[in-house]
Amino acid sequence: MARRTPRIYAVVAYDYYLDPRFAGLSASAETLYIRALGYIKGQRTDGYIPATALPHLKPQSRTLKRDAKALVSAGLWEPEGDGYRVRSWARWNLTNAEQDDLSQKRKKAASKRWRAEKEAPRDAR
């Protein structure tokens, strides 16, 4: 039986560090990138991170602006409005619309199973 995971996860390839775009990044910028993925997934922003959220990801950091600029220069983030967008978010993660659609399908399937189970004769169980 498959083990169910009770938490929400953002997709990060096990070998992401081999991507050439990470080669020149500082450890600080890499940490900001990974933490931003968690923020995006948890806040359901479809790959967008507002600049105002950055200080919450790395409190007391003195390199936030430099790290964000490095992520843009590396091609991992794109400036958008008052924040940034992770370039490949929708390629590797479900969008909110896709998540909502999947959730509805799962709810309908569960409801159908429960109805069928309630309606089945006792000796058939």
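## A tour from the aromatic pairs to two loops

Welcome to this predicted model. Searching the whole structure turns up 4 aromatic pairs. For one of them, select tyrosine 16 and tyrosine 17: their rings are edge-to-face, 6.1 Å centre to centre, with 85 degrees between the planes. While you are there, colour tyrosine 16 by accessibility; with a relative accessible area of 22%, tyrosine 16 is partly exposed. Now add Phe22 and Tyr33 to the selection, and you have one aromatic cluster made of Tyr16, Tyr17, Phe22 and Tyr33.

Tyr33 is also a buried residue of α2, so let's go there next. Select residues 27–43 to show the whole helix: 17 residues, reaching 24 Å from first C-alpha to last, close to the 24 Å expected at 1.5 Å a residue. Which residues of α2 are buried? Highlight Ala29, Leu32, Tyr33, Ala36, Leu37, Ile40 and Lys41. Turn the view to look down the axis of α2: these buried residues fall within an arc of 165 degrees, so they line one face of the helix. On the face turned away from that buried side, pick out the exposed residues Ala27 and Gly42.

Step just past α2 to arginine 44, where phi is positive at about 55 degrees. Arginine 44 sits in the loop between α2 and β1 (48–50) and is partly exposed, at 38% relative accessible area. Most residues other than glycine have a negative phi.

For the last stop, select glutamine 60, in the loop between α3 (54–57) and α4 (64–73). Phi is positive here too, near 65 degrees in a residue other than glycine. Is glutamine 60 buried or exposed? At 80% relative accessibility, glutamine 60 counts as exposed.

Key
Residues numbered from 1 in each chain as written. Predicted model: local features only at pLDDT ≥ 70, side-chain atom pairs only at ≥ 80, totals over all residues. Heavy atoms only, no water. Helix = DSSP H or I, 4+ residues; strand = E, 2+ residues; numbered from the N terminus. Expected span 1.5 Å × (residues − 1). Buried < 20%, exposed > 50% of the residue type's maximum accessible area, 1.4 Å probe, protein only. Arc of directions from axis to C-beta. Phe/Tyr/Trp six-rings, centres within 6.5 Å; stacked < 30°, edge-to-face > 60°.
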